[in-house]
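Open the model in your viewer and keep the sequence panel visible. The tour below goes from stop to stop, saying what to select and what is there.

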Amino acid sequence: MSAITVVGVGADGWPGLSAVAREALAAAEVVLGGARQLALLPEQSAEAARTAGAAGAAGVTAERVPWPSPLRPSVPGLLERFAGRRLVVLASGDPMFHGIGRTLLECGVPAESLRVLPHPSSVSLACARLGWPVEETEVVTLVGRPVESLYAALYPGRRLLVLSADASTPARVARVLVERGFGPSRVRVLEQLGGAAEAVREGVAAGWSLPPGDPLNVLAVDCVRDPAVSADAPRQQLVPGLRDELFESDGQLTKRHVRAATLAALAPAPGELLWDVGGGSGSIGIEWLRAHRSCRAASVERDPVRAERIVRNAAALGVPRLRVVTGAAPGALAGLAAELGRPDAVFVGGGLTVPGVLEACWSALGPGGRLVANTVTLESEALLTQWYRRHGGELVKLSVAHAVPVGGFTGWRQAMPVTQWSVVKGEVSGAGATGADEVGGGAK
């Protein structure tokens, strides 16, 4: 594949480009970019060509091709169309930070075929203006993503930079802050960063009255909790075990103490994929996604009403990216690996005794993949015991009791004990494990 040069450009346009970036654009035969970015490039006139300096200030003679919408599906065809020509792709700021550089890589362009010339990102420019250390600043993008993506980042005292989708984003973010109990938060709108028209406008989320401004903006949010919110109200946290009240549920919910133990057994790590089979209220998949922004999860639920509830819970808890599959396992698992890739972990919270469910989940896992299954019934417990004898792992009984009033005294109310089996595929451990010759076999 011919080399592709990716040039980051800021709101300051051509004057803000390095000599190397200008030379690349001046030598290009084709320039791909957004309409706004292309408009920042000067035309090359005969007079400009005579007076051009070493920085290539004469301008650009290349054919200018704006990206169609939607962008991603058009990328392979456009790259094929202009193969063999000197091609430059324009990006806003740093092409490798939520930019077209990543898109090109995901569309199959080899890294060695990309020559990336970055410009300071909007995040770097914003932090420079605000005096915020970049490494201590949380960044949330709402470009092409639902506003619910912001929910998981809202904590008292945190500083957030929000990458806006357009001029309407500041008002939408202000509404979210009020709805989530952060109405007193200071919100600054940084427009046209680095450009001649750079401006900062600010207000408080509660009572937000600023009219829409420039569509090219970044929001700086100083998160302040509304003092009217009760101190003992359910709150989000970083570790698993969110309060049960935070989930909409019809009772099909892995309760918080068991959920925390289940997530510990599943052991999420950045970039990993979970299949949550028998999603119920979606709590396991949701908490998996909250472990790290790069984690991925699919929740499989046969009941359409519950599946819709899972979607709402995921959005409410800041992970609207949860993939919800409506259908019964094992049939609903067919094709999931082809679509999302082989799972790193599978949790089975329902349907254990349905023929083929455990077999399909086990088969989907690669070496080192984790499987965790919970049950409260004797029939499913017997099945898990059989799988434990075949494949090893760990079989535990989880019991939780809550203190409740008993007349004028206090006593314990025992919740139904949960049997949990967890295993790493390829692991041979535990009494009764028979070895690799039976890996893949199911209970009959």
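Start just after helix 7, at Gly181, which takes a positive phi of about 85°. Helices (H or I, at least four residues) and strands (E, at least two) are DSSP runs, numbered from the N terminus. This is a predicted model, in which local features need pLDDT of at least 70 and side-chain atom pairs count only at pLDDT 80 or more, while totals for chains, interfaces and linings use all residues. Residues are numbered from 1 along each chain as its sequence is written, and side-chain values use heavy atoms, with hydrogens and water left out.

**Helix 7**

Now select helix 7 itself, residues 169-179. Its buried residues are Thr169, Pro170, Val173, Ala174, Val176 and Leu177; buried means under 20% relative accessible area, exposed over 50%, and partly exposed in between (1.4 Å probe, protein chains only). These residues cover an arc of only 160° around the axis, which puts them on the same side of helix 7. The arc is that of the directions from the helix axis to the C-beta atoms. Add strand 7 (159-163), strand 8 (186-191) and strand 10 (217-222) to the selection: they are among the elements that cover the buried residues of helix 7. Contact here means heavy atoms within 4.5 Å.

**Helix 6**

Keep those strands displayed and select helix 6, residues 122-130. Val123, Leu125, Ala126, Cys127 and Leu130 are buried there. They pack against strand 6 (138-141), strand 7, strand 8 and strand 10. Gly131 follows helix 6 and has a positive phi, near 75°.

**The whole chain**

Zoom out to see the chain, with its 13 helices and 19 strands. The C-alpha trace spans about 90 × 60 × 35 Å along its principal axes. Of the 444 residues, 45% are buried. Among contacts with a separation of 6 or more, 68% are between residues 24 or more positions apart.

**Val30**

For one such place in the fold, select Val30 in strand 2 (residues 30-33). Is Val30 buried or exposed? Val30 is buried, with a relative accessible area of 0%. Draw a distance from its C-alpha to that of Glu63: the two residues are 33 apart along the chain, and the atoms are separated by 4.7 Å. Not counting residues up to four places away in sequence, Val30 touches Ala62, Glu63, Val65, Phe82, Arg85, Arg86, Leu87 and Val88.

**Helices 12 and 13**

Next, select helix 12 (residues 357-364) and helix 13 (residues 378-391), which pack at an angle of about 35° with their axes 12 Å apart. Axes are lines fitted to C-alpha atoms, for helices over the stretch in contact, and angles run from 0 to 180 degrees between N-to-C directions. Show side chains: Leu358, Glu359 and Trp362 in helix 12 meet Leu383, Leu384, Trp387 and His391 in helix 13. The residues of this contact divide into 5 nonpolar, 1 polar and 1 charged. Ala, Val, Leu, Ile, Met, Phe, Trp, Tyr, Cys and Pro count as nonpolar, Asp, Glu, Lys and Arg as charged, and the others, Gly among them, as polar.

**The largest core**

Stay with helix 12 and widen the view to the largest nonpolar core, of 27 residues, in which Trp275 and Leu371 have the most contacts. A nonpolar core is a set of buried Ala, Val, Leu, Ile, Met, Phe, Trp, Tyr and Cys residues joined through side-chain atoms within 4.5 Å. Elements giving two or more residues to this core include strand 11 (273-277), strand 15 (370-375) and strand 19 (418-424). The largest share, 5 residues, comes from helix 12. Select Leu371: leaving aside neighbours within four places in sequence, its contacts include Val346, Leu358, Trp362 and Trp421.

**Backbone stops**

Finish with the backbone. Which peptide bonds are worth selecting? The bond from Ser69 to Pro70 is cis, with omega near 0°, and Pro70 is in the loop between strand 3 (63-66) and helix 4 (75-81). The bond from Ala329 to Pro330 is also cis, with omega near 5°; Pro330 is in the loop between strand 13 (323-326) and helix 11 (336-340).

Then select His98, a residue other than glycine with a positive phi near 55°. His98 is partly exposed, with a relative accessible area of 42%. Last, Gln192 has a positive phi of about 50° and counts as buried at 16% relative accessibility.
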